[in-house]
Amino acid sequence: MFFESAAVVRQLRGSSDLVVVASSHAAFLKAGALTVSAFNHLVHGYARCEGVGDARRLFDEMPQRNVVSWTSLMAGYVHASQPHGAVSLFSDMMVSGARPNAFTFATALNACSHLSDIESGRAIHARSETCGSRSDVFVASALVNMYGKSNHVDDARMVFDEMVERNAVTWGSMISAYAQNARGHQAIALFGEFLGASSCAHLLPNHFMLSSVISACASTGKLGLGRTAHASVLRRGYASNEVILNGLIDMYSKCGCIDLARKVFDCIDRPSLIPCTAMIVASAKYGLGDHALQLFDEMLARGIEPNSITLLGVLHACNHCGLVDTGLLHLNSMRDKYGITPIASHYASVVDMLGRAGRLDEAYELSNQIKAEGDDALMLWSSLLSACRTHQRLDIAVEAGKRLAEFNRDVAGAYVAMSNAYVAAGKMDGATRIWTEMQRRGIKKDPACSWVEIKDVVYVFRTGDVSSASVRQDEVMELLKELEVRMRERGYVGRGNGWELDFEEEGKGVMVGVHSERLALGFGLVVTPKGMTIRVMKNLRMCRDCHEAFKLVSDIVEREIVVRDLNRFHLFRNGSCTCRDYW
């Protein structure tokens, strides 16, 4: 009987069914037609259909192999989420004397990306140079991705800059490398370069690139560009891509637009775990605990199992709303109800929750029970110390301070919190000791700054310095003085730590003692249309005096004001805040 090998090969190429691959294998065996090409098609077929073990056994049986044989199996390992197997196979290939091609290098580098294996990646990079494949666009793109995923962003940029030809994947990989390594401003700048180059090269942004840009906008608070990226998502037909939708929820919430985040979420017909978790976390940060817990209940009712991040969001929601007993209930049921073992970040949230509620002894006891290390321990004891300042528990504050002093790193925020705890309790000698220790260790408090984005331009203000307002300085000063008068008419007293309008002689643009967020607010009120929401970003925690002032201002000017500080979001409207004065 005549064996139609071409027909079997066509069947193999188009199939994603392991049974079809096995039957094709049997047909080749029966016909005695197992050539190198046939072996390769079968290896690739098994690997594509989740049968990488069968692919490896067949590979080992091959009397002869070529570069396609090696590359197909390596790709199978990557596809099966076994990147170690791909890297090991590449080493075996080098020993065998087979010569890799561009696809082999790209596949091996992809495996290193999954592993963040910079050592193996550099070795493969060097090999690609000697084999003359380094200039290939696919190899170079894989190198950019590998260095980015391994947190070596400057190496990725070096490869990127040396490329003669770039495609959308290359640009997307470099933008992603910046976005994933907390270099959002550079990601946004590079996206701007892409838009300039794309008109000449006829390149279009793909969903991967847009997702990275949206992530960069979220980390930098660039709402204007985030909206532009959202518009591009709609134009390109990616509105149903869940990764992008999740990024949009995160971006809008981090840019002070919780209502827009909800609109994106509500457009998803049946949201899965990832967007549900994103919306729960976003609601928690705005103090919308009831909404976050309602979303969680709806998610469970639809049979969606939470993950560790979801439950962290639930704990944050309970924390920011003072739902202490509810939060403890969720913590204690994590293991039995959902099979999730609490980790240090869960416990740190609960310690913070207990501390905010004044249950310092319980918080201290739990802190001692947790085996936290590194950043987790730093976050845990810093949270406890902050609560001690609020509730004037110097005994626990001293112990928390000792734990933090063990860290050989900058813990300025914790030291400042400890000194404030002494000041609040009237123990100035203790505060002086803390300041002396900070000087001895060379620890400096981060200078406070706040910023607002107006028509895609960011204006940064520092305490007492209104010079960023440029020609509008006098208007900002006059407005702040007017607001002070109107607030005091409503009973505002202030604590002398944020709204004292003390002008220095010949010090134009200087308002001694005025906190940065108030200057940013004043500028926003001056330059934006009446009724428009003002969004202020701040690098440190908002003080209670400023918080009280912003509530009054929101009512006086009849505007919504959003403040994103170090810990959370505050949404001020009609004289109140979504945090209900609990943060």
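Q: Is Lys-530 buried or exposed in this predicted model?
A: Lys-530 is found in the loop between α28 (516–527) and β5. The model is a predicted one, and in it the relative accessible area of Lys-530 is 75%. A residue counts as exposed when this value is over 50%. Lys-530, at 75%, is therefore exposed.

Q: What distance separates the C-alpha atoms of Lys-530 and Glu-129?
A: Lys-530 belongs to the loop between α28 and β5. Along the chain, Lys-530 and Glu-129 are 401 residues apart. The separation of their C-alpha atoms is 60 Å.

Q: Is Ala-111 buried or exposed?
A: Helix α7 (residues 102–115) is the place of Ala-111. The relative accessibility of Ala-111 is 0%, and the cut-off for burial is under 20%. Ala-111 is therefore buried.

Q: How many Å separate the C-alpha atoms of Ala-111 and Cys-49?
A: Ala-111 lies within helix α7. Cys-49 is 62 residues from Ala-111 along the chain. Their C-alpha atoms are separated by 19 Å.

Q: Which loop holds Ser-116, a residue with positive phi that is not a glycine?
A: The phi angle of Ser-116 is about 50°. Ser-116 has a relative accessible area of 40% and is partly exposed. The residue lies in the loop between α7 and α8 (118–130).

Q: What is the approximate phi of Gln-392?
A: Gln-392 is placed in the loop between α23 (374–391) and α24 (394–405). At 45% relative accessibility, Gln-392 is partly exposed. Although Gln-392 is not a glycine, its phi is positive, at about 55°.

Q: How many aromatic pairs does a search of the whole structure find?
A: The search covers the whole structure. Its total is 12 aromatic pairs.

Q: Which geometry, stacked or edge-to-face, describes the aromatic pair of Phe-160 and Trp-171?
A: The ring centres of Phe-160 and Trp-171 are 5.1 Å apart, and their planes meet at 80°. Planes over 60 degrees apart count as edge-to-face. The pair of Phe-160 and Trp-171 is therefore edge-to-face.

Q: Which helices are linked by the pair of Phe-160 and Trp-171?
A: Phe-160 is buried at 1% relative accessibility, and Trp-171 is buried at 5%. The two residues are 11 residues apart and link distant parts of the chain. Phe-160 lies in helix α10 (residues 153–162) and Trp-171 in helix α11 (residues 168–180), so the helices are α10 and α11.

Q: How many residues apart in sequence are the parts tied together by Phe-296 and Tyr-338?
A: Phe-296 and Tyr-338 form an edge-to-face pair, with 6.2 Å between centres and 75° between planes. Phe-296 is buried at 0% relative accessible area, and Tyr-338 is buried at 13%. Because Phe-296 lies in helix α18 (residues 289–301) and Tyr-338 in helix α20 (residues 324–338), the pair ties together parts separated in sequence by 42 residues.

Q: Which residue has its charged end over the ring of Phe-160?
A: Ring pairs join Phe-160, Trp-171, Phe-191 and Phe-194 into a cluster. A charged end sits 4.1 Å from the ring centre of Phe-160. The face of Trp-171 is also covered, at 5.4 Å from the ring centre, by Arg-166. The residue over Phe-160 is likewise Arg-166.

Q: What percentage of residues 272–306 is helix?
A: The unreviewed UniProt entry places the feature "repeat: PPR" at several spans, including residues 136–170 and 272–306. Residues 136–170 are 74% helix and 0% strand, with end C-alpha atoms 12 Å apart. In residues 272–306 the end C-alpha atoms are 10 Å apart, strand is 0% and helix is 74%.

Q: Which element gives the most residues to the lining of the second largest pocket?
A: The second largest pocket holds about 430 Å³ of space, and 19 residues line it, with Leu-223, Glu-453, Ile-454, Lys-455 and Met-532 nearest its centre. By class, the lining has 10 nonpolar, four polar and five charged residues. At least two lining residues come from each of α14 (223–236), β1 (449–454) and β5 (534–538). The element giving the most, with four residues, is β1.

Q: What percentage of the protein chain is made up of buried residues?
A: The chain comprises 29 helices and eight strands. Its C-alpha atoms fill a box of roughly 100 × 55 × 50 Å along the principal axes. Of its 583 residues, the buried share is 51%.

Note on methods
Residues numbered from 1 in each chain as written. Predicted model: local features only at pLDDT ≥ 70, side-chain atom pairs only at ≥ 80, totals over all residues. Heavy atoms only, no water. Phe/Tyr/Trp six-rings, centres within 6.5 Å; stacked < 30°, edge-to-face > 60°. Buried < 20%, exposed > 50% of the residue type's maximum accessible area, 1.4 Å probe, protein only. Lys NZ or Arg CZ within 6 Å of the ring centre and 35° of its normal. UniProt positions renumbered as here; feature names shortened; annotations may be inferred. 1 Å grid on protein atoms, 1.4 Å probe; cavity = no way out; pocket = protein on both sides within 12 Å on 5 of 7 lines; lining within 4 Å. Points joined across faces, edges and corners; volume = space filled by probe spheres on them. Nonpolar A, V, L, I, M, F, W, Y, C, P; charged D, E, K, R; others polar.
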